Amino acid sequence: MVSKHIFRVSAFLLGITLQATGITAFDIVDSVTTAGYSNHLAHLYTHIGESRGFTDGPSPRVPAYQHDLARDYMVSNFTAWGYDTWLDPFEFDVNFSYDDDSNTYHYAGCNNVVATKWGNGGTNTYLLIAHYDSVDSGHRNLTIGPGADDGASGVAALLEIAEAIKDYTFKDTIVFLACDAEEKDYQGSIYFRDNHITDNPVETNSTAFLKSSILAVVNLDSIAYDHTNTPYNVVMGRVSGFSQAAFAVGASIEKYTDLNVVASSGYNSSDHISFYNIGLDAIHVIEYDFVNYWNATNFVKNPYYHTDYDAIDSPDYLNLDYAADVTRGVAGAVCDYAIPIFPATLNQSISNNTFSISWLTSPDIEYEVYGTDNLTSNAWNLVSRIDATNDVVDQTIQFNLNTATATMFRVLSR
Ligand SMILES: [Zn+2]
């Protein structure tokens, strides 16, 4: 009797056939590699002589050098990986307090890059942000400014994380935001904040996110310089006060890597400040050995901050294993909080003419078990539906082999 039955048990997730294997968050984290990270960083035009800055003459000042090529590299990758990807164009006027004149300049042709992985069943939104523009001669004492650490190191992390999670469905929504014009007084993040975040639920759409749904804004800016023999590797930078995000991301980095994490406040000089200023929990993940924040007693400052030598090919400068490790930790945080819905690992057994399928459910996911006795006809009949629960449940479905009409089963999650 039993030998006549061919049990084909597999998990299907959103129409994609997936074999029943034991995938965990660690598998996602492990797919973040130094090689993958470095490849993205190199493709963001981060070599000596390259730049993602703007023209420095009269208004309008527009994107120059490889600025738009870097933008297009992000767009083509996010799109190919299946993200809901769009450009967020803007322009602005600014009068820098730290350039050599008192003129107001008009900047045009700017674009934030936004890539969303929409959640499935969850109501929370997490923003991972970085800035892709680099400092330029328009307002700093340098020639071209490759900005490999500041801020391409964070953009490479966004890309590597997006690539690592591209094939998985998550419970909550994850937004990758590559800001333009951070070096222009945070104009890109200010524009996104003012035009794409709303308090009103009826105003939300694919380019307008509900403010109350945004639980954390995690800004990765300058995460690739790590001098040895300093007490910490990476800072969870708060602006001030308590931050659940700083606590949570720090805990994930320590869970998935060997990096030493320290939390500190007073970190108010990058794009997260735009979101902090409207009351969101926004933090700055940054190398410990950054130039601006510590007294020079127990560490060596990043030597090339805002110089022409902040480049991927400057000798003895960036530590890409370290940067990839920070990226792994943040990828782990994405898994810990946005919650991937893995295909269920199905166990099957037969005893006393009873066939059992069992698996651990994911929270807030509904399962349907289908059976068929003719795989080629593709006529699957619903045999059991398991409602979503708040918790992980050890679920078991049993069939009496003397009466069951189906000989093959599959489980769908939704
Ligand atoms: Zn900068």
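User: In this predicted model, where is the place of Ile 339?

Analyst: Ile 339 has a positive phi near 65°, although this residue is something other than glycine. With a relative accessibility of 27%, Ile 339 counts as partly exposed. Its place in the chain is the loop between helix H8 (320-338) and S13.

User: Is Asp 185 buried, partly exposed or exposed?

Analyst: Asp 185 is not a glycine, yet its phi is positive, at about 65°. The residue lies in the loop between S6 and H5. Buried would require under 20% relative accessible area and exposed over 50%. Asp 185 has 27%, so the residue is partly exposed.

User: Which residues coordinate the zinc ion?

Analyst: The donor residues follow the spacing D-x32-E-x122-H in sequence. The donor atoms sit at 2.0 to 2.6 Å from the zinc ion, and Glu 183 is listed with OE twice. The residues are Asp 150, Glu 183 and His 306.

User: Which parts of the chain does the pair Asp 150 and Glu 183 tie together, and how many residues apart in sequence are they?

Analyst: Asp 150 is buried, and Glu 183 is buried as well. Asp 150 belongs to helix H4 (residues 148-165), while Glu 183 belongs to the loop between strand S6 (173-179) and helix H5 (187-196). The pair therefore links parts whose separation in sequence is 33 residues.

User: Is the arrangement of the four donor atoms around the zinc ion tetrahedral or irregular?

Analyst: A tetrahedral set of four donors needs all angles between 85 and 135 degrees. Here the four donor atoms subtend angles of 55 to 144°. The arrangement is therefore irregular.

User: What is omega for the cis peptide bond that joins Asp 150 and Gly 151?

Analyst: Gly 151 lies in helix H4, and Asp 150 is in helix H4 too. The cis bond between Asp 150 and Gly 151 has an omega of about 0°.

User: Which residues touch the most other members of the largest nonpolar core?

Analyst: That core holds 65 residues. One of the residues asked for, Phe 176, has contacts beyond its neighbours within four places in sequence, including Phe 78, Val 113, Leu 128 and Ile 165. The residues that touch the most other members are Tyr 37, Phe 78, Phe 176 and Val 285.

User: Which strands stand at the edges of the open sheet of three strands?

Analyst: The strand order is S13-S14-S17, with antiparallel pairing. Each edge strand has a single partner, so one side of each is left without a neighbour in the sheet. The edge strands are S13 (347-351) and S17 (394-400).

Definitions and conventions: Residues numbered from 1 in each chain as written. Predicted model: local features only at pLDDT ≥ 70, side-chain atom pairs only at ≥ 80, totals over all residues. Heavy atoms only, no water. Donors = N, O, S within 2.8 Å, 3.2 Å for Na, K, Ca; no water. Tetrahedral: all angles 85-135°; square planar, octahedral: opposite > 155°, others 65-115°. Helix = DSSP H or I, 4+ residues; strand = E, 2+ residues; numbered from the N terminus. Buried < 20%, exposed > 50% of the residue type's maximum accessible area, 1.4 Å probe, protein only. Core = buried A, V, L, I, M, F, W, Y, C linked by side-chain atoms within 4.5 Å. Contact = heavy atoms within 4.5 Å. Pairing = 2+ DSSP bridges.
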